[in-house]
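Subject: Structure for you to look at

Hello,

Here is the structure I promised to pass on. Please open it and keep it on screen while you read my notes below.

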Amino acid sequence: MPGLDTQVDDPERVEQENPIFVIQKHAAKTLHYDFRLEVDGVLKSWAVPKGLSLSPEEKRLAVPTEDHPIEYAEFEGVIPEGSYGAGAVLVWDRGTYRNLTERRGERTGVAEGLRQGHISFWLDGTKIRGGYALTRFRTGKNEAWLLVKKNDDEADPGRNPVVSEPRSVISGRTIEEIEAEEGDQ
Ligand code: MN
């Protein structure tokens, strides 16, 4: 992905012409996929237990988690025992995204869309491409969203990269290889 590193390393960058997304596979107490979107200088984050689907028929639960710094998009390794989220992390996919959020027929910023409870975007990753919608369906202490593939040319219910493409897009390693190589140090 040309230019990604430059973008991540530039703290002065305020224009979000090519904001990044990352999906980190995380073998914590419960395996999940952390879906993160760059919004206003931080990574807005959701834990998606089943990962992203390419089928518009499958709604994937997405539970909001704390914002992460942009630099965290590069993190792959093992979070030590005793720390929050202990377990192995791999960069399952990454790339840039385009905001497609509209409200009453007008393009709306991602931050505003998140406040309103609905955003729409196009992902350009290695494994995942195409349009997705993220919609809040519960607020309060148990806030929860649904992440759903849009019915566009990139929709492909026959392909399930969560199963068929488990390796890191950075290092080519599996989560087990990361645990073996970087755990117990
Ligand atoms: Mn996580």
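First, a term you will need: a salt bridge is a side-chain nitrogen of Lys or Arg within 4 Å of a carboxyl oxygen of Asp or Glu. Keep in mind that this is a predicted model.

**Salt bridges**

How many salt bridges does the structure hold? The count is 14.

Start with Lys44 and Asp67. Their side chains meet in a salt bridge, at 3.1 Å from N to O. This pair links distant parts of the chain. Lys44 sits in strand 3, which covers residues 42–48. Asp67 sits in strand 4, which covers residues 59–69. The two residues are 23 apart in the chain. Are they buried or exposed? Lys44 is partly exposed, with a relative accessible area of 26%. Asp67 is partly exposed too, at 38%. Both labels follow from the cut-offs, because partly exposed lies between 20% and 50%.

Next, look at Arg60 and Glu58. Their side chains form a salt bridge at 2.3 Å, N to O. Arg60 counts as buried, with 10% relative accessibility. Glu58 counts as partly exposed, at 35%. So this bridge joins a buried residue to a partly exposed one.

Then find Glu102 and Arg107. A salt bridge connects their side chains, at 3.8 Å from N to O. Glu102 has 47% relative accessibility and counts as partly exposed. Arg107 also counts as partly exposed, at 49%.

There is a network to trace as well. Which residues does it join? They are Glu76, Arg173, Glu181 and Glu182, held in one network by salt bridges that share partners.

**The manganese site**

Now move to the metal. Which residues coordinate the manganese ion? His26 does so through ND1, His32 through NE2, and Asp34 through OD. The distances run from 2.1 to 2.3 Å. You can find these donors in the sequence by their spacing, H-x5-H-x1-D.

Two of these residues have accessibility values to note. His26 has a relative accessible area of 8%. Asp34 has 5%. Buried means under 20%, so His26 is buried, and so is Asp34.

**Where to begin**

Try the manganese ion, with His26, His32 and Asp34 around it. Then go to Lys44 and Asp67, the pair that links strand 3 and strand 4.

Best wishes

Key. Residues numbered from 1 in each chain as written. Predicted model: local features only at pLDDT ≥ 70, side-chain atom pairs only at ≥ 80, totals over all residues. Heavy atoms only, no water. Donors = N, O, S within 2.8 Å, 3.2 Å for Na, K, Ca; no water. Buried < 20%, exposed > 50% of the residue type's maximum accessible area, 1.4 Å probe, protein only. Helix = DSSP H or I, 4+ residues; strand = E, 2+ residues; numbered from the N terminus.
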